[in-house]
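Reader: I'd like to learn how to read strands and helices off a model like this one. Could you walk me through it?

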Amino acid sequence: MKLKDLLPNTQCDFSDTEITGLTCNSSQVKEGFAFICINGTNVDGHQFAKSALEMGASVIICERDLGLSKQVVVDDTHAVYAEMSANWFHNPADKLKLVGVTGTNGKTSVVYMLKSILEANGDKVGVIGTIQNMVGDRVVSANNTTPGAYELNSLFAQMVDEGCKYAVMEVSSHALDQKRVHNLNFEVAAFTNLTQDHLDYHITMDNYFDAKCKLFGMCKTAVVNIDDAYGKLLADKLDKKVVSYAVKQDSSTFTAKDVTYRPDSVKYQMVGYNFINKITVGTGGKFTVYNSMCAVACALELGISMSVITNALSEMHGVKGRAEVVPTNKDFTVIIDYAHTPDGLENILSTFKEFRESRLVVVFGCGGDRDKTKRPIMGEIAARLADFIIVTSDNPRSEEPLSIIDDIVAGMNCSKKKYKIIENRAEAVKFAIETAEKNDIIVLAGKGHETYQILSTGKIHLDEREIVNACLS
């Protein structure tokens, strides 16, 4: 493909140059590639431009004059990389109906609920998200919640080639801030909630919120949780169609009435658009009500009938790592959940605290090289809601694990009889299982779908399901 086809709005003396590939990673440069200099969080790609030319790059896309031959200077390489990636794959997103879901918690659950609904309607669906990417039933591994622009457009192209009608995707604040989804047009975009997370990157909650809001300048219809303070703020400022949902108020488009909570399910009446429909979902917790309401509202805006929606939700199996019950054949219950934020931890513990007959035990830690301020907050939540706490590691990365644990314990303000520190996560899970008492509910929080632990020495295999099963066998 020629450079002028990848950058049709940019004039240069070498626009007829043949481009054999594009990348923003200098280690991936091959003969004839276009190298796009991205100023990232930790590394500025401009410093690798000269070496990219030496490796065979035919053009350098940059934001400042580097004094190199065949350089193209643009205002924003993040945006240009997204545009070039879309053009490289012949703009596949234009051939799909896009649905984007953003928010701190609930994105994955909403996406998989929508996938089940749309497939029940007879449509083929692509999924982009935290657990994995999917093209129909084919699984494609995921490294980020929302991939980089080139990988994202590659996935869209595969979806088009394999007959998908919809692409339903989690859209992270990082992706929005870094313009990975630049120039995409969403049929529906949904906002689940906003609570503390990623402040190591965004610094302030206002910056975090502003990043999330960018999605709603790219959609036809916004579906918004207005029980959330930030959701209400978003809904009030949008100048397009807003479909709101809530549990605590009646001013929303949709409200939930007569809610019944069980450990393994929720039932409620969804009221709105002059109808009342009974919704049943096979996952417990107040968060399931919010997530399913969001999915229902999105599906209705896509033209799916209520009968298809309700049947799909009632038959849907749970999402991996989201309030996932691990079979034990014992007289205690083990739950695996991705809760890694204060709000997520409070939600999962509050849900199961209500139904416990004996102890509520939680195993959790906090990520290294990430927002440190949430650690004591999560410690306080665990101390307030759990009967016993095992504080452990959760992707400590380059930080000293016991230092992270000290930050958590600093917020707990409880007797040492109520908690135990076991830095090794596998040993922590093993201890929880081996000391379980009759009717205990054990929540393994933080890892969810993840089957690894990130240490200072690199990534190692760690699947909590395997650990639980080994203990029980």
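Author: Sure. Start with what counts as pairing: two strands pair if DSSP finds at least two bridges between them. Keep in mind that this is a predicted model. With that in hand, look at I336, which stands opposite L444 in β21.

Reader: Which way do β17 and strand β21 run, and how many bridges join them?

Author: In general, strands of a sheet pair through backbone hydrogen bonds, either parallel or antiparallel. Here β17 and β21 (residues 441–445) run parallel, joined by 5 bridges. On top of that, β17 pairs with strand β16 (residues 324–326) in the antiparallel sense, over 3 bridges. I336 turns up again in that pairing, as the bridge partner of E324.

Reader: What do β16 and β17 form, and how many residues lie between them?

Author: They form a hairpin, with 6 residues between the two strands. Check N329 in the turn: its phi is positive, about 55°.

Reader: How many residues of strand β17 are buried?

Author: 4 of the 5 residues of β17 (residues 333–337) are buried, so this strand is largely enclosed by the rest of the structure.

Reader: Let's move to the start of the chain. What is the strand order in the open sheet of 4 strands?

Author: The order is β1-β2-β3-β4, and the pairing is parallel. β1 (21–23) and β4 (71–73) stand at the edges with a single partner strand each, so one side of each has no neighbour in the sheet. On average, neighbouring strands here are turned by 20° against each other, direction ignored.

Reader: Where do the individual bridges of β2 and β3 fall, say for F35?

Author: F35 has I60 as its bridge partner in β3. A34 stands opposite V59 in the β3 strand. Between β2 (residues 33–36) and β3 (residues 59–62) there are 3 bridges. On the β1 side, 3 bridges join β1 to β2, and T23 has F35 as its bridge partner in β2. To get from β2 to β3, the chain passes through helix α2 (residues 49–54), and this β-α-β crossover is right-handed.

Reader: Which way do the side chains of β2 point, and are they buried or exposed?

Author: F33 and F35 point one way from β2, A34 and I36 point the other way, and all are buried. As for helices around this sheet, α3 (residues 77–88) lies across β1, β2 and β3, running at about 150° to β1.

Reader: How do I describe one helix against another?

Author: Two packed helices are described by the angle between their axes and the distance between the axes. Try α13 (residues 374–385) and α14 (residues 401–409): their axes come within 6 Å and cross at roughly 55°. That makes α13 oblique to α14. R375, P376 and G379 of α13 make the contact with I404, D407 and I408 of α14. By class, that contact has 3 nonpolar, 1 polar and 2 charged residues.

Reader: One last helix. Which residues of α11 are buried, and what covers them?

Author: An α-helix has 3.6 residues a turn, so residues three or four places apart point the same way. In α11 (residues 306–315), the buried residues are M306, V308, I309, T310, A312 and L313. Their cover includes α4 (107–120), β15 (275–281) and α10 (286–301).

Key
Residues are numbered from 1 along each chain as its sequence is written. This is a predicted model: local features need pLDDT of at least 70, side-chain atom pairs count only at pLDDT 80 or more; totals for chains, interfaces and linings use all residues. Side-chain values use heavy atoms; hydrogens and water are left out. Axes are lines fitted to C-alpha atoms, for helices over the stretch in contact, and angles run from 0 to 180 degrees between N-to-C directions. Contact means heavy atoms within 4.5 Å. Buried means under 20% relative accessible area, exposed over 50%, partly exposed in between (1.4 Å probe, protein chains only). A crossover is right-handed if, with the strands pointing away from the viewer, the path from the first strand over the helix to the second runs clockwise. Angles under 35 degrees count as roughly parallel, over 145 as roughly antiparallel, 65 to 115 as roughly perpendicular and the rest as oblique. Ala, Val, Leu, Ile, Met, Phe, Trp, Tyr, Cys and Pro count as nonpolar, Asp, Glu, Lys and Arg as charged, and the others, Gly among them, as polar.
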